[in-house]
Amino acid sequence: MIVAISARFEIAPEHLSDYLQAAATVIRETRKEPGCRLYAFSRDILEENVVWISEQWDSEEDLQRHFTTAHIRHFREFLTGVRFISRDVRKYSVTQVGGI
């Protein structure tokens with residue numbers, strides 16, 4: 001079963017640039033991980049300080065292993081200094097993926 005994550009973060013304007021720079025490193029490293037099908041961050045077109053995160057993992061085990069990597073630990077430490085205006089993170093269990 002595939003695990004998907006969809007997240008919406010609104011980041012304080014004074015922290016956005018540093019956040020995006022740190023995220024670029026995390027994205028590069030995460031995409032190399034076993035079981036990672038998709039790992040992408042994008043800026044909202046209409047809401048300047050909103051970042052969307054999309055993830056797809058082959059399994060819950062792959063996702064949990066991801067949380068233990070050095071780059072994620074480092075990123076989480078960095079995030080303690082970032083002010084978020086809002087956060088919404090959702091995890092989905094997906095039995096089938098196909099085109100539209």
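**Entry 1. Strand pairing**

I began with the sheet and found that β1 and β3 pair in the antiparallel sense over 8 bridges; I count two strands as paired if DSSP finds at least two bridges between them. Helices (H or I, at least four residues) and strands (E, at least two) are DSSP runs, numbered from the N terminus. I note that this is a predicted model, in which local features need pLDDT of at least 70 and side-chain atom pairs count only at pLDDT 80 or more, while totals for chains, interfaces and linings use all residues. Residues are numbered from 1 along each chain as its sequence is written, and side-chain values use heavy atoms, with hydrogens and water left out.

Within the β1 and β3 pairing I looked up two positions. Glutamate 10 stands opposite valine 50 in β3, and isoleucine 5 has glutamate 55 of β3 as its bridge partner.

I then turned to β4. It pairs with β1 in the antiparallel sense over 10 bridges, and alanine 7 has valine 89 of β4 as its bridge partner.

On the other side of the list, β2 and β3 run antiparallel and are joined by 7 bridges. Phenylalanine 41 stands opposite isoleucine 53 in β3. A hairpin of 6 residues connects β2 to β3.

**Entry 2. The chain as a whole**

I recorded 3 helices and 4 strands for the chain. Read from the N terminus, the order of elements is β-α-β-β-α-α-β. The radius of gyration is 14 Å, close to the 13 Å that the globule rule gives for 100 residues, so the chain is as compact as a globular protein of that length. That radius is taken over C-alpha atoms, and the globule rule is 2.2 Å times the number of residues to the power 0.38.

I also noted that the C-alpha trace spans about 40 × 35 × 20 Å along its principal axes. Buried residues make up 40% of the 100 residues; buried means under 20% relative accessible area, exposed over 50%, and partly exposed in between (1.4 Å probe, protein chains only). Among contacts (heavy atoms within 4.5 Å) between residues at least 6 apart in sequence, 72% join residues at least 24 apart.

**Entry 3. Strand β1 and two of its residues**

Is β1 enclosed or open? I found 8 of its 10 residues buried, so β1 is largely enclosed by the rest of the structure.

Isoleucine 2 lies in β1 and counts as buried at 11% relative accessibility. Its C-alpha atom is 4.9 Å from that of aspartate 58, although the two are 56 residues apart along the chain. Not counting residues up to four places away in sequence, isoleucine 2 touches Arg37, Gln56, Trp57, Asp58, Tyr92, Ser93, Val94 and Val97.

Serine 6, also placed in β1, is partly exposed with a relative accessible area of 29%. The C-alpha atoms of serine 6 and tryptophan 52 are separated by 7.3 Å, with their positions 46 residues apart along the chain. With residues up to four places away left out, serine 6 touches Ile53, Asp88, Val89, Arg90 and Tyr92.

**Entry 4. Two aspartates in helices**

I looked up aspartate 18 in helix α1 (residues 13-30). At 44% relative accessibility, aspartate 18 counts as partly exposed. Its C-alpha atom lies 26 Å from that of glutamine 64, 46 residues apart along the chain.

Aspartate 62 belongs to helix α2 and is buried, with a relative accessible area of 10%. Leaving aside neighbours within four places in sequence, I find aspartate 62 in contact with Pro34, Gly35 and Trp57.

**Entry 5. The largest pocket**

How much space lies in the largest pocket? I noted about 400 Å³. Of the 21 residues that line it, the closest to its centre are Phe9, Ile53, Glu55, Phe67 and Arg76. On a 1 Å grid over the protein atoms alone, a pocket is an open set of points where a 1.4 Å probe fits, with protein on both sides within 12 Å along at least five of seven lines; lining residues have an atom within 4 Å of a point. Grid points are joined across faces, edges and corners, and the volume is the space filled by probe spheres set on them.

I then asked which elements supply the lining. At least two residues each come from β1 (2-11), β2 (36-43), β3 (50-57), α2 (60-67), α3 (70-79) and β4 (84-94). The largest share, 5 residues, belongs to β4. By class, I recorded 14 nonpolar, 2 polar and 5 charged residues in the lining. Here Ala, Val, Leu, Ile, Met, Phe, Trp, Tyr, Cys and Pro count as nonpolar, Asp, Glu, Lys and Arg as charged, and the others, Gly among them, as polar.
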